[in-house]
Amino acid sequence: MSTAEAPRTMTASPVLELQLDCRSETVGPARRLAASFLEQMEPATEKGTREAVILVVSELVTNAVRHAGGESCTLRLRAGPESVVVDVGDASPVLPRPRTPDVSGEGGGFGWSMVCRIASVVKIRKEPAGKTVTAVIPRQGPGAL
């Protein structure tokens, strides 16, 4: 079998863990850090998967900033051979819920349903001091954009 035909496998599950300030200025750097994390993965993630993960990170961190009311939130990315897992923790015990999108202004309402469509699995875990939202994005296939 030539090198080009050999299957590439992950030898370790890379993890990125960050404590973020819950401010709107945090969302852009969170996206960039997620993109950098994905660029380091071996085997490389497909473009659609990278875009899906970055979008989910953006939406979940934005939701934590807008709705949680805490001073900080956490972002954790875990990569495995089949999927990338995004965890965002915040201080609010209030669970995310679908809202009617505001198509006329800055009211939002698009993010949560988008996350639920992109991810193959979405879980919400109540924590002693808030909650953690987990979204699993397949590395290949339907979840990729």
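**Exercise 1. Determine what share of the contacts in the protein between residues at least 6 apart in sequence joins residues at least 24 apart.**

Solution. Contact is taken as heavy atoms within 4.5 Å. Among contacts between residues at least 6 apart in sequence, 68% join residues at least 24 apart. The structure is a predicted model, in which local features need pLDDT of at least 70 and side-chain atom pairs count only at pLDDT 80 or more, while totals for chains, interfaces and linings use all residues. Residues are numbered from 1 along each chain as its sequence is written, and side-chain values use heavy atoms, with hydrogens and water left out.

**Exercise 2. State how many helices and strands the protein has, and in what pattern they follow along the sequence.**

Solution. Step 1: helices (H or I, at least four residues) and strands (E, at least two) are DSSP runs, numbered from the N terminus. Step 2: the protein has three helices and five strands. Step 3: along the sequence, the pattern reads β-α-α-β-β-α-β-β.

**Exercise 3. Describe the order of the strands in the sheet and find which are the edge strands.**

Solution. Step 1: two strands pair if DSSP finds at least two bridges between them. Strands of a sheet pair through backbone hydrogen bonds, either parallel or antiparallel. Step 2: here five strands form an open sheet, ordered β1-β2-β3-β5-β4, with antiparallel pairing. Step 3: β1 and β4 (121-127) are the edge strands, each pairing on one side only. Step 4: from one strand to the next, the twist averages 15°. Angles run from 0 to 180 degrees between N-to-C directions, and axes are lines fitted to C-alpha atoms, for helices over the stretch in contact.

Step 5: the pairings can be followed by their bridges. β2 and β3 pair over six bridges, and Thr-74 has Gly-89 in β3 as its bridge partner. A hairpin of three residues joins β2 to β3. β3 and β5 pair over eight bridges, with Val-86 partnered by Ala-135 in β5. β4 and β5 (residues 130-138) pair over seven bridges, and the bridge partner of Lys-123 in β5 is Thr-134.

**Exercise 4. Identify which strands are touched by α1 and by α3.**

Solution. Step 1: α1 packs on the sheet and touches β1, β2 (72-79) and β3 (83-90). The direction of α1 makes about 170° with that of β1. Step 2: helix α3 (residues 111-118) also packs on the sheet, touching β4 and β5. The direction of α3 makes about 120° with that of β4.

**Exercise 5. Compare the span of helix α2 with the span it should have.**

Solution. Step 1: the expected span of a helix is 1.5 Å times one less than its number of residues. Step 2: helix α2 (residues 47-68) has 22 residues, so it should span 32 Å. Step 3: the end C-alpha atoms of α2 are 31 Å apart, which agrees. Step 4: just after α2, Gly-69 takes a positive phi of about 75°.

**Exercise 6. Establish how much of the protein is buried, and how many residues of β3 are buried.**

Solution. Step 1: buried means under 20% relative accessible area, exposed over 50%, and partly exposed in between (1.4 Å probe, protein chains only). Step 2: of the 145 residues, 43% count as buried. Step 3: in β3, eight of its eight residues are buried. Step 4: Ser-83, Val-85, Asp-87 and Gly-89 point one way from β3, while Val-84, Val-86, Val-88 and Asp-90 point the other way.

**Exercise 7. Find which residues of the largest nonpolar core touch the most other members, and which element gives the most to it.**

Solution. Step 1: a nonpolar core is a set of buried Ala, Val, Leu, Ile, Met, Phe, Trp, Tyr and Cys residues joined through side-chain atoms within 4.5 Å. Step 2: among the 31 residues of the largest core, Val-57, Leu-60, Leu-77 and Val-86 touch the most other members. Step 3: β1, α1, α2, β2, β3, α3 and β5 each supply at least two residues, and α2 gives the most, with eight residues. Step 4: leaving aside neighbours within four places in sequence, Val-57 is in contact with Ala-30, Arg-31, Ala-34, Leu-75, Leu-77 and Val-86.

**Exercise 8. Explain why Cys-73 has no bond to the closest cysteine sulfur.**

Solution. Step 1: a disulfide is a pair of cysteine sulfur atoms within 2.5 Å. Step 2: a search of the whole structure finds zero disulfides. Step 3: the closest cysteine sulfur to that of Cys-73 lies in Cys-22 at 3.8 Å, and therefore is too far for a bond. Step 4: Cys-22 is buried at 14% relative accessibility, and Cys-73 is buried at 2%.
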